[in-house]
Each structure stands twice: as C-alpha cells, then as structure tokens.
Amino acid sequence: MKTEAVKIEGGYHITFTGKLDLLKTNYLRNVLLQEFQNQRVCFDLKNLDFVGSNGILHFFFTVNEIATLGAINFQIAGLNEDFKKIVKSYNYPHLSFDFVSSQPTTEKEVTTELIEDEWLDTNPGIQKPDGATSF
C-alpha cells in the first residue's frame with residue numbers, strides 16, 4: 001500500500017494505492033494522531049484494491065476511533081462498490097462518505113438496501129451491526 005499526502009486548502013488529501021496493508025494500520029494510526037490532529041483529511045481510496053471485509057472493517061474502525069481521539073474530520077472518497085456494500089452495513093459515526101446522501105430516501109435507495117441485505121445474508125462472514133433491520 002502506497003500513500004501520498006497533499007496539503008490542500010482547509011486540510012489534506014491522502015491517496016491510497018495498491019492493497020490495503022493491515023500491518024500498516026497501526027503505523028497510520030500513530031502518524032494521523034501525531035501529524036493531523038484538528039485537521040480535515042480526505043482519504044481517496046479509488047486506487048485501493050479490495051482485500052476482503054476484515055481488512056477494510058479494521059481500517060475503518062481504526063480511522064473512526066482516530067477521528068474522536070485526534071479531533072480529525074475525515075471524508076472518505078472513491079470507494080468501489082465492494083467497499084460500499086461493507087461500509088453501509090456498519091455504523092461509523094465520525095466518518096463522512098462521499099456516497100452517503102443526506103436527502104430523503106427514495107424508492108430506488110430502498111431497493112438498494114434490500115439487495116445489500118440479501119448480499120449480507122449470503123456472506124455469513126459479514127455480520128450486521130446490532131439494531132440493523134432487514135426490509
């Protein structure tokens with residue numbers, strides 16, 4: 001996994017390329033807490049390869065935790081469809097995703113949720129969070 005940080009107006013834009021390396025998650029955690037406190041950070045994940053649900057869940061859990069510890073405002077952009085299915089199944093209250101809309105739910109979005117619930121049911125390794133409902 002390669003990372004590149006660029007300072008932009010109001011914060012930083014960090015691009016990830018390659019496969020998500022779980023061994024570097026703790027290193028990334030320490031760097032973010034030391035160097036990016038009280039900043040706005042946009043993670044661009046469009047060039048990140050899907051490596052399985054456990055890796056991305058651990059990554060987002062860690063980033064969500066860092067957001068509160070370091071008062072970092074994270075925006076996550078460029079997720080591929082596989083990542084989106086996993087992320088929508090969990091609650092990351094301190095992360096903002098570019099594909100999440102604050103507009104009222106439309107019929108099309110409800111259909112999407114039904115498909116994702118079916119996808120989760122066929123992948124028993126992914127657990128729905130407590131309180132998640134199926135339609």
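This report covers two threonines on helices and the pairing of three strands in a predicted model.

**Threonines T25 and T62**

T25 lies in helix α1, which spans residues 25-35. T62 belongs to helix α2, residues 53-69. T62 is counted as buried because its relative accessible area of 5% falls under the 20% limit. The value for T25 is 3%, so T25 is buried by that limit as well.

With residues up to four places away in sequence not counted, T25 touches H58, F59 and T62. On the same basis of leaving out neighbours within four places, T62 is in contact with T25 and R29. Within helix α2, the side chain of T62 also reaches the backbone oxygen of H58, at 2.9 Å. H58 is thus named twice: as a contact of T25 and as the residue whose backbone oxygen the T62 side chain reaches.

**Strands β3, β4 and β5**

Strand β4 (residues 73-77) has pairings with β3 (residues 40-49) and with β5 (residues 95-97). The table gives the sense and the number of bridges for each pair.

| Strand pair | Sense | Bridges |
|---|---|---|
| β3 (residues 40-49) and β4 (residues 73-77) | parallel | five bridges |
| β4 and β5 (residues 95-97) | parallel | three bridges |

In the pairing of β3 with β4, V41 stands opposite F74. Towards β5, the bridge partner of Q75 is S96. In a regular strand, side chains alternate between the two faces of the sheet.

Helix α3 (residues 81-87) joins β4 and β5 in a β-α-β unit, and this unit is right-handed.

Notes:
Residues are numbered from 1 along each chain as its sequence is written. This is a predicted model: local features need pLDDT of at least 70, side-chain atom pairs count only at pLDDT 80 or more; totals for chains, interfaces and linings use all residues. Side-chain values use heavy atoms; hydrogens and water are left out. Helices (H or I, at least four residues) and strands (E, at least two) are DSSP runs, numbered from the N terminus. Buried means under 20% relative accessible area, exposed over 50%, partly exposed in between (1.4 Å probe, protein chains only). A polar contact is a pair of N or O atoms within 3.5 Å; within protein, one must be able to donate a hydrogen and the other to accept it, and residues adjacent in sequence count only if both atoms are side-chain atoms. Contact means heavy atoms within 4.5 Å. Two strands pair if DSSP finds at least two bridges between them. A crossover is right-handed if, with the strands pointing away from the viewer, the path from the first strand over the helix to the second runs clockwise.
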